[in-house]
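Q: Please take a close look at one part of this model and work outward from there. I am new to it, so a plain account will do.

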Amino acid sequence: MLFLWFFKLQPCPKISKHFIVALLGPSLFHTIGHISACVSFSKVAVSFTHVIKSSEPVFSVVFSSFLGDTYPLKVWLSIIPIVLGCSLAAVTEVSFNFQGLWGALISNVGFVLRNIYSKRSLQSFKEVNGLNLYGWISIISLLYLFPVAILVEGSHWVEGYRQAIQAVGKSGTFYSWVVLSGVFYHLYNQSSYQALDQISPLTFSVGNTMKRVVVIVSSVLFFRNPVRPLNALGTAIAICGTFLYSQATTAKKAKEENEGELKRS
């Protein structure tokens with residue numbers, strides 16, 4: 001984002017003290033979500049992490065309900081197959097361990113709270129588009145993460161890098177993988193925020209569901225993770241539940257917008 005702002009490929013938003021303060025909460029939850037996801041990726045199969053992360057709508061409905069939002073029966077019913085599918089996938093997962101499971105679940109909580117508090121604390125900054133918003137959240141997230149990383153893992157960095165380079169074989173290969181991983185991970189999140197500004201919520205939800213399918217299938221094929229029939233069934237049920245949830249929440253939002261227009265007229 002700094003590159004885009006410096007070369008004026010993306011207009012830099014006007015920032016203020018109030019804007020930065022409003023971002024502190026969402027950025028903290030953003031940091032927690034990404035750290036927990038990376039922990040999960042390191043402990044279990046990538047496909048399993050994404051199956052568990054497909055249960056994010058469950059946490060969204062529960063936390064939003066505690067904070068005063070209401071949802072129709074269709075939304076509550078749509079989360080049942082998500083819970084059942086994730087549970088079935090978890091109990092039949094070959095690479096299962098609790099650290100990987102808890103990492104994915106905590107990641108869900110972090111991202112849901114990020115979304116909720118972003119919506120609540122950034123209402124007065126609607127002129128900032130999704131791409132710039134993600135850029136500033138990432139910058140503040142880095143400021144959160146860097147001192148913690150030094151405190152927790154700083155003494156192990158040198159030895160850890162040596163072991164990683166030894167496992168890969170060449171230092172150039174290792175550093176290129178690290179850079180490419182960071183760039184692609186950023187572009188993935190950046191494009192999601194950018195897409196949400198350009199397309200309808202319905203199209204975005206369908207695309208997000210298909211993204212899960214592509215990531216899970218491609219990771220199974222690439223890493224050759226063994227998949228049991230019941231595990232595949234649980235994954236399919238969870239993804240279908242996520243799609244149904246997307247449809248139900250989109251219908252709820254459209255109904256609220258129509259009611260708002262009727263009241264104004």
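A: N115 is found in helix α6, which covers residues 98–121; the model is a predicted one. At 36% relative accessibility, N115 lies between the limits of 20% and 50%, so it counts as partly exposed. Its C-alpha atom is 8.7 Å from that of S60, although the two residues are 55 apart along the chain.

Another pair separated in sequence is F63 and V112. F63 is found in helix α4, and the C-alpha atoms of F63 and V112 are separated by 8.0 Å, with their positions 49 residues apart along the chain. F63 has a relative accessible area of 27%, which is over the 20% limit for a buried residue and therefore makes F63 partly exposed.

Helix α2, residues 17–43, supplies two further cases, and V21 lies in this helix. V21 and S121 are 100 residues apart in sequence, while their C-alpha atoms are 9.2 Å apart in space. V21 counts as partly exposed because its relative accessibility is 48%, which is not over 50%. K43 also belongs to helix α2. From C-alpha to C-alpha, K43 and N108 are 16 Å apart, and in sequence they are 65 residues apart. K43 has a relative accessible area of 37%, so it too is partly exposed.

Next comes the surface. V62, F66, L67, L73, W76, L77, I80, L84 and Y117 make a nonpolar surface patch of about 900 Å². Two elements give two or more residues to this patch, α4 (56–66) and α5 (73–91). The largest share comes from α5, with five residues. L84, one of the residues of the patch, lies in helix α5. Its relative accessible area is 54%, and because this is over 50%, L84 is classed as exposed.

A pocket offers a contrast to the patch. The second largest pocket holds about 200 Å³ of space. Its lining consists of 16 residues, and I216, V217, V220, A232 and T235 are the ones nearest its centre. The elements that contribute two or more residues to this lining are α3 (46–53), α10 (201–223) and α11 (229–264). Of these, α3 deserves a further word. Helix α3 is mostly covered, with seven of its eight residues buried. The buried residues in α3 are S47, F48, T49, H50, V51, I52 and K53.

Cysteines come last. A disulfide is a covalent bond between the sulfur atoms of two cysteines. With a cut-off of 2.5 Å between the sulfur atoms, the count of disulfides in this model is zero. C38 has a relative accessible area of 43%, between the two limits, and is therefore partly exposed. C240 is likewise partly exposed, because its relative accessible area is 48%.

To return to the starting point, N115 is a partly exposed residue of helix α6, and its C-alpha atom lies 8.7 Å from that of S60.

Technical notes:
Residues are numbered from 1 along each chain as its sequence is written. This is a predicted model: local features need pLDDT of at least 70, side-chain atom pairs count only at pLDDT 80 or more; totals for chains, interfaces and linings use all residues. Side-chain values use heavy atoms; hydrogens and water are left out. Buried means under 20% relative accessible area, exposed over 50%, partly exposed in between (1.4 Å probe, protein chains only). Patches are made of residues with over 30% relative accessible area and no salt bridge: like charges are joined within 9 Å, nonpolar side chains (Val, Leu, Ile, Met, Phe, Trp, Tyr) within 5 Å. Accessible areas come from the Shrake-Rupley method with a 1.4 Å probe; for residues, only the protein chains shown count as cover. A salt bridge is a side-chain nitrogen of Lys or Arg within 4 Å of a carboxyl oxygen of Asp or Glu. Helices (H or I, at least four residues) and strands (E, at least two) are DSSP runs, numbered from the N terminus. On a 1 Å grid over the protein atoms alone, a cavity is a set of points where a 1.4 Å probe fits but cannot get out, and a pocket is an open set with protein on both sides within 12 Å along at least five of seven lines; lining residues have an atom within 4 Å of a point. Grid points are joined across faces, edges and corners, and a volume is the space filled by probe spheres set on the points.
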